[in-house]
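Work through the following exercises with the sequence and the coordinates side by side. Each one sets a task and then gives a solution in steps.

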Amino acid sequence: MAIPISLIVDDSCPLIHVYRFHKEEVHDSPPYTSDGRLLLDTIPNEFLDRFCDVAQAHGMAGKFSIIPVPAGRGDILSGIDGHSPAITREWLDTVKRRLSDRFDFCPEMLTHNLAVNLSEGGYYDEGESPWSQKQDRSTLTPYLTKAMEYLKAAGFDATGVTSPWTFASDVEDEYIAAIVAAQQNVYGRPLSWYFLHTLHDKPASKPWVAFQDGDTALISIPSTVDDFWWQTIDSPRSDQEFVQHIADAVITSDGRGGKIREVLETGGFPILLTHWQSLFSNGLETGLAALDVVGRRVNEVLASEVEWKTCSELMHLTARTA
Ligand SMILES: [Zn+2]
């Protein structure tokens with residue numbers, strides 16, 4: 001039986017380069033790459049087209065985040081501040097048209113930046129992750145419900161949730177209860193999934209049942225392969241040698257080395273974590289070039305061992321075998 005392999009794409013959203021904004025507003029660091037280049041404010045729609053080209057060419061599957069109120073600068077329903085709403089609509093249409101078959105969609109909270117004050121309007125003076133650690137289900141449920149409502153209104157079925165940073169990891173039981181309640185509120189769905197855990201030091205990991213009560217269940221989908229693409233943000237290099245070097249860390253050209261091989265050898269599922277900014281590489285798209293190489297290698301040298309799966313497919317598989 002082929003082992004499931006899956007691609008987790010975090011921080012994707014129309015136009016906004018969220019990393020650039022939360023670096024400055026949540027982490028209080030200047031919006032520059034570590035080698036001193038200014039981080040770009042926006043990611044053009046053409047980059048989404050090129051990501052879809054790569055994902056489709058290799059039959060990749062997984063999940064794709066849609067941040068509904070990216071960096072607090074507009075939202076997916078009314079458009080992004082300073083840009084025609086048509087650009088946001090076009091981005092959402094492309095995602096729907098080209099990724100629906102083989103990717104699940106999910107919100108990654110509301111802003112991936114400062115937490116939204118739902119009762120009084122405006123924003124708290126802290127990021128969504130630090131804010132979340134002091135909450136319980138009574139405040140997390142409306143927050144998650146709001147995030148899912150945005151996706152539903154934009155015509156997306158959000159089958160799960162992605163946690164920005166380590167959102168609510170200190171109150172995970174409360175978070176789990178809130179995810180289950182929000183899925184019930186918005187989509188009437190008893191079975192869903194969430195991504196919070198990055199288990200790159202536990203390569204034998206597979207998804208697990210985090211909560212079950214009768215027919216209601218929540219599946220935790222962890223990542224097991226680090227975001228090796230991230231380093232491209234901070235490098236001016238985009239040459240073939242650099243691209244191959246990044247791909248090698250994920251899977252070597254003979255299939256015998258790299259993190260995917262380590263995960264397969266220990267009996268885990270290779271669940272690859274990446275970020276929109278890691279693939280965009282501050283405009284150089286070096287990360288996307290490395291993803292293209294990884295996709296080709298998986299098909300060339302691992303075709304008899306692995307099979308691309310969406311997060312929903314991982315969820316059903318885990319629920320069935322639990
Ligand atoms: Zn994120």
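## Exercise 1: a loop residue and its helix

Phe228 is found in the loop between β11 and α7, in a model that is predicted. Decide whether Phe228 is buried or exposed, and find which residues distant in sequence are in contact with Phe228.

*Solution.* Begin with the neighbour count: Phe228 has 23 C-beta neighbours inside 10 Å, and because 20 or more are needed for a residue to be buried, Phe228 counts as buried. Next, leave aside the neighbours within four places in sequence, and the contacts that remain for Phe228 are Ile246, Ala249 and Val250. Finally, take the backbone separation for one of these partners: Phe228 and Ile246 are 18 residues apart along the chain, and their C-alpha atoms are separated by 6.3 Å.

## Exercise 2: helix α10

Establish how the length of α10 compares with the expected span, which of its residues are buried, and what covers them.

*Solution.* Start with the geometry of α10, which runs over residues 286–301. At 1.5 Å a residue its 16 residues should span 22 Å, and this agrees with the 22 Å between its end C-alpha atoms.

Then turn to burial, where 12 of the 16 residues of α10 count as buried, so that the helix is largely enclosed by the rest of the structure. The buried set consists of Thr286, Gly287, Leu288, Ala289, Ala290, Leu291, Asp292, Val293, Val294, Gly295, Arg297 and Val298. The elements that cover these residues include β1 (3–10), α2, α7 (240–250), β12 (271–275), α9 (276–280) and β13 (306–308).

Now look at two residues of the helix in turn. Thr286 is buried, with 25 other C-beta atoms within 10 Å, and, leaving aside its neighbours within four places in sequence, Thr286 is in contact with Thr232, Arg237, Ser238, Phe242, Val243 and Ser281. The C-alpha atoms of Thr286 and Ile246, which are 40 residues apart along the chain, are separated by 9.5 Å. Ala290, when residues up to four places away in sequence are not counted, touches Trp229, Val243, Ile246 and Ala247.

To close, place the helix in a wider setting: the largest nonpolar core has 92 residues, and the members that touch the most others are Ile66, Phe105, Leu144, Ile179, Ala247, Ala290 and Val294. In soluble globular proteins, nonpolar side chains tend to be buried together.

## Exercise 3: the packing of α2 and α3

Describe how α2 and α3 pack, giving the angle and the distance between their axes, and then state which residues meet.

*Solution.* Two packed helices are described by the angle between their axes and the distance between the axes. Helix α2 (residues 45–57) and helix α3 (residues 85–99) pack at an angle of about 5 degrees, with axes 10 Å apart. That angle makes α2 roughly parallel to α3, because angles under 35 degrees count as roughly parallel.

For the contact itself, α2 contributes Asn45, Leu48, Asp49, Cys52, Ala55 and Gln56, which meet Ile87, Glu90, Trp91, Thr94, Val95, Arg98 and Leu99 in α3. Sorted by class, this contact has 7 nonpolar, 3 polar and 3 charged residues.

## Exercise 4: helix α6 and positive phi values

Find which residues of α6 are buried, and then find what phi is taken by Gly188, Met109 and Trp165.

*Solution.* For α6 (residues 172–187), the 16 residues should span 22 Å at 1.5 Å a residue, and its end C-alpha atoms are 22 Å apart, which agrees. Its buried residues are Tyr175, Ala178, Ile179, Val180, Ala182 and Gln183, and what covers them includes α5 (137–153), β8 (160–162), β9 (191–195), β10 (208–213) and β11 (216–220).

Just after α6, Gly188 takes a positive phi of about 60 degrees. Met109 also has a positive phi of about 60 degrees, although Met109 is not a glycine; its place is in the loop between β5 (103–106) and β6 (114–116), and Met109 is buried, with 29 other C-beta atoms within 10 Å. Trp165, again not a glycine, has a positive phi of about 50 degrees and lies in the loop between β8 and α6, where its 19 C-beta neighbours inside 10 Å make Trp165 count as partly exposed.

Conventions
Residues numbered from 1 in each chain as written. Predicted model: local features only at pLDDT ≥ 70, side-chain atom pairs only at ≥ 80, totals over all residues. Core = buried A, V, L, I, M, F, W, Y, C linked by C-beta atoms within 7 Å. Contact = placed C-beta atoms within 7 Å. Axes fitted to C-alpha atoms, helices over the stretch in contact; angles between N-to-C directions. Helix = DSSP H or I, 4+ residues; strand = E, 2+ residues; numbered from the N terminus. Parallel < 35°, antiparallel > 145°, perpendicular 65-115°, else oblique. Nonpolar A, V, L, I, M, F, W, Y, C, P; charged D, E, K, R; others polar. Expected span 1.5 Å × (residues − 1).
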